[in-house]
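Here are my notes on the model you asked me to look over, set out as numbered points so that each can be checked against the coordinates.

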Amino acid sequence: MKKYRNMVVGAFNEFHSLEKSLMKKWERFHSSDVFPKDLRPIILSSWRRCKQSFINPLKKEADLVYKGDSLKEKIEQNEFLLDIANPYMEQLHQYFFDQKIAVVLCDKTGVIIEAKSNSQMWMDVERHRFVPGSNWDELSTGTNAIGTALIEEKPIQIFSSEHYCQGWHRWVCSAAPIRDPMTNQIIGILNITGEKELVHAHNIHLVINQALQIEKALGHRLMEDHLLSLQSLLDFMQDPFLIFDINGKVTRCNKAASYLLNISEGSSIYDILQFSEVQNLESLGRFNIEQFQQADNLWKVNVQSYKLGGNLLGGIVIFQKQPYKLLKLSKNSAKKDFSNIVTNDPEMLKVIKKAKKAAFSDQNMMIFGETGTGKEVLVQSIHYFGPRSEYPFVAVNCGAIPKDLIASELFGYEGGSFTGAKSKGKKGKFLLADLGTIFLDEIADLPIDIQVYLLRVLEEREVFPIGAKEPIPINVRVICATHKNLKEEVRKGNFREDLYYRLNVISLSLPPLRERKDDIPLLVDSFLTENGKKLFEMSGEAIDLLMKYEWPGNIRQLKNCIEQSKFNANGRQILPKHLPKEILPANKKKVNEKQRFPQQKFKIGKNELMLALEKTNGNVTQAAKLLNVSRMTIYRKKEEFQLK
Ligand SMILES: Nc1ncnc2c1ncn2[C@@H]1O[C@H](COP(=O)(O)OP(=O)(O)OP(=O)(O)O)[C@@H](O)[C@H]1O
């Protein structure tokens with residue numbers, strides 16, 4: 001109660017006996033300038049301030065500082081407070097309806113912004129300008145409940161001649177500050193004023209109570225507004241987040257949760273996390289689900305109970321995207337790294353060196369090279385060599401997707417956004433590649449209208465799924481490739497120049513196989529080897545033919561050629577006749593096996609020997625003839641390779 005000491009003159013029955021003595025004190029003070037000793041200290045301090053500020057004690061009208069437009073503006077500035085305070089003022093007004101009592105609301109400077117009274121009182125208040133727009137701060141109207149409460153920062157009642165100015169001696173005013181619940185600053189004053197015979201000491205408690213109700217209502221409104229800001233903040237988070245109630249029903253979730261996990265308000269947490277109701281919610285404290293797999297993603301899930309005063313009300317769940325390693329390794333065993341690039345060609349070695357450096361950059365990249373030169377192998381190697389290796393690698397062949405579908409393939413769509421769309425929507429490749437690398441192969445084939453969207457994605461680092469209301473931020477490295485001359489495509493108007501420069505930050509060119517023919521034997525060897533075992537041998541003449549060929553389809557064609565030859569071969573030896581027809585020169589004379597084997601003369605390997613013995617049913621003489629070596633060589637080699 002210490003807080004409210006000095007707030008009122010005293011007990012209810014003291015009111016009127018005090019009136020006369022107060023009047024005398026006021027008169028004596030203004031005629032002699034001697035401060036009365038037995039005045040309430042709070043009034044004494046106020047009178048001192050008023051005296052120092054030369055306030056006219058005979059003042060009968062307050063200053064009307066705001067009217068017309070300026071008053072309108074003042075009211076607009078305080079709309080939030082007015083809106084909330086109005087019903088509480090109305091309650092007070094109704095309570096005193098048939099009495100000469102006015103209820104007013106002032107802003108934080110003491111200017112009245114709203115007044116309610118019956119018509120009898122209204123004549124009085126108008127006479128003294130106790131109306132909206134008038135200033136009731138102490139410096140302007142002397143000691144009064146509004147102005148003094150603002151200075152003292154607490155509720156106060158001013159009785160009759162305690163008012164510094166004579167104009168308000170017929171009144172008793174009770175005022176209480178209204179504070180902003182967040183910052184605790186005074187944002188307004190609620191006041192009731194009436195004839196001194198009508199207002200009682202306990203009226204101040206009514207005012208205090210209504211001011212507290214207003215503060216509470218302000219708090220609720222702010223809470224609602226802050227929840228809206230909180231929602232925007234949650235939506236800004238890239239990780240899915242949700243709040244569920246005691247029944248396990250989702251009551252709030254952010255956009256990431258709805259988009260990535262298909263969660264909506266009303267979903268059941270038990271269905272989402274697939275855990276048993278009774279077992280878990282009852283004992284819910286804080287726990288993690290280390291690996292929670294949903295669609296293409298792996299999440300770490302953090303569940304935390306939400307309690308209020310010891311009562312369990314529900315919980316909060318945060319999902320954190322996990323590195324793709326586990327999923328990737330199990331799903332995509334065909335991942336490539338630099339060790340898969342077979343080469344000894346100086347030009348290629350330079351490309352690899354540059355690519356290894358580029359793996360640690362996040363810049364967009366272009367890979368140029370004819371079809372089958374190994375562009376995708378190189379891009380995968382870059383991905384798995386760099387810091388994004390734990391995250392997805394998603395390859396898209398822009399030339400292979402029908403024009404109409406490419407936008408939805410790349411950027412995804414929301415459920416029901418167009419005819420034929422899946423009701424749940426679809427995640428685009430960009431989102432699937434989030435945190436990893438997207439490889440846009442055959443980029444020159446990207447329709448020109450889609451190029452604009454791609455440019456936007458690269459510039460804004462966010463995707464806009466078809467039908468979505470908000471973009472989704474992404475963190476993806478973009479690497480593109482083409483076998484076309486992209487500059488020429490720009491010149492022809494088929495490819496946007498701005499996109500060309502945006503993509504072409506780092507560029508690498510893979511030489512065609514015909515320009516690195518020395519790699520052919522190495523590549524052939526690698527294609528003939530499986531799990532570290534060389535299962536086939538290529539005859540020297542066959543190798544010669546491969547070296548002479550121009551390889552328009554590059555390494556892919558060479559690989560296919562070797563696969564076909566392995567299939568065509570009768571044993572382990574691949575001879576020219578086993579090669580695909582297009583490799584053989586058109587005027588090639590038929591060469592018999594005997595003529596070809598001599599080239600093997602000085603390098604009979606275990607495979608050749610086994611093959612020859614197999615073909616001759618283990619007959620050493622015939623095998624020696626076939627390999628064009630002496631029988632002794634066959635025996636020696638058999639011993640060397642420990643063949644029976
Ligand atoms: N240097 C290499 N060493 C071993 N294999 C390779 C090499 N380069 C490419 N390959 C193999 O050749 C085939 C074609 O490679 P890749 O798909 O990377 O070529 P590309 O240039 O992307 O082709 P396209 O332009 O037609 O998409 C793949 O099977 C790949 O494994």
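1. In this predicted model, the axes of α20 and helix α21 (residues 540-548) come within 10 Å and cross at roughly 125 degrees, and the two helices are therefore oblique to each other. The crossing in which α20 passes α21 is right-handed. On the α20 side the contact is made by Ile-520, Pro-521 and Val-524, and on the α21 side by Ile-543, Leu-546 and Met-547. Sorted by class, this contact has six nonpolar residues, with no polar and no charged ones.

2. Helix α20 (residues 519-528) also meets α22, their axes coming within 10 Å and crossing at roughly 50 degrees, which makes α20 oblique to α22. Here, too, α20 passes its partner α22 in a right-handed crossing. The residues that meet are Ile-520, Leu-523, Val-524, Phe-527 and Leu-528 in α20 and Ile-555, Leu-558, Lys-559 and Ile-562 in α22. By class, the contact of α20 with α22 has eight nonpolar residues, no polar ones and one charged residue. Ile-520 and Val-524 deserve a look when you inspect α20, since they are listed in its contact with α21 and again in its contact with α22.

3. Which helices each supply at least two residues of the shell around the ligand? They are α14 (375-385) and α22 (554-568), so that the α22 of the previous point, which meets α20 through residues including Ile-555 and Leu-558, returns here. There are 18 residues around the ligand, and those that come nearest are Val-342, Thr-371, Gly-374, Lys-375 and Glu-376. The shell is mixed in class, with five nonpolar, eight polar and five charged residues.

4. An open sheet of five strands has parallel pairing and the order β14-β17-β20-β13-β21. Its edge strands are β14 (393-397) and β21 (506-509), each of which pairs on one side only. Direction ignored, neighbouring strands of this sheet are turned by 15 degrees against each other on average. At the β14 edge, the pairing with strand β17 (residues 437-441) is parallel and extends over five bridges, and within it Ala-395 has Phe-439 of β17 as its bridge partner.

5. Another open sheet of five strands runs in the order β3-β2-β7-β6-β5, with antiparallel pairing. Because β3 (112-116) and β5 (156-159) stand at the edges with a single partner strand each, one side of each is left without a neighbour in the sheet. The average turn between neighbouring strands of this sheet is 20 degrees, direction ignored. At the β5 edge, four bridges join β5 to strand β6 (residues 171-179), and these two strands run antiparallel; Ile-158 stands opposite Cys-173 in β6.

6. Finally, the axes of helix α4 (residues 79-95) and helix α8 (residues 203-236) come within 9 Å and cross at roughly 155 degrees, which makes α4 roughly antiparallel to α8. Their crossing is right-handed. From α4, Ile-84, Ala-85, Tyr-88, Gln-91 and Leu-92 take part, and they meet Leu-206, Gln-210, Gln-213, Ile-214, Ala-217, Leu-218 and Arg-221 in α8. The class count for this contact is eight nonpolar, three polar and one charged residues.

Note on methods. Residues are numbered from 1 along each chain as its sequence is written. This is a predicted model: local features need pLDDT of at least 70, side-chain atom pairs count only at pLDDT 80 or more; totals for chains, interfaces and linings use all residues. Two strands pair if DSSP finds at least two bridges between them. Axes are lines fitted to C-alpha atoms, for helices over the stretch in contact, and angles run from 0 to 180 degrees between N-to-C directions. Angles under 35 degrees count as roughly parallel, over 145 as roughly antiparallel, 65 to 115 as roughly perpendicular and the rest as oblique. A crossing is left-handed if the near helix is turned anticlockwise from the far one by less than a right angle, and right-handed if clockwise. Two residues are in contact if their C-beta atoms, placed from the backbone, lie within 7 Å. Ala, Val, Leu, Ile, Met, Phe, Trp, Tyr, Cys and Pro count as nonpolar, Asp, Glu, Lys and Arg as charged, and the others, Gly among them, as polar. A residue is near a molecule or strand if its C-beta atom, placed from the backbone, lies within 6 Å of it.
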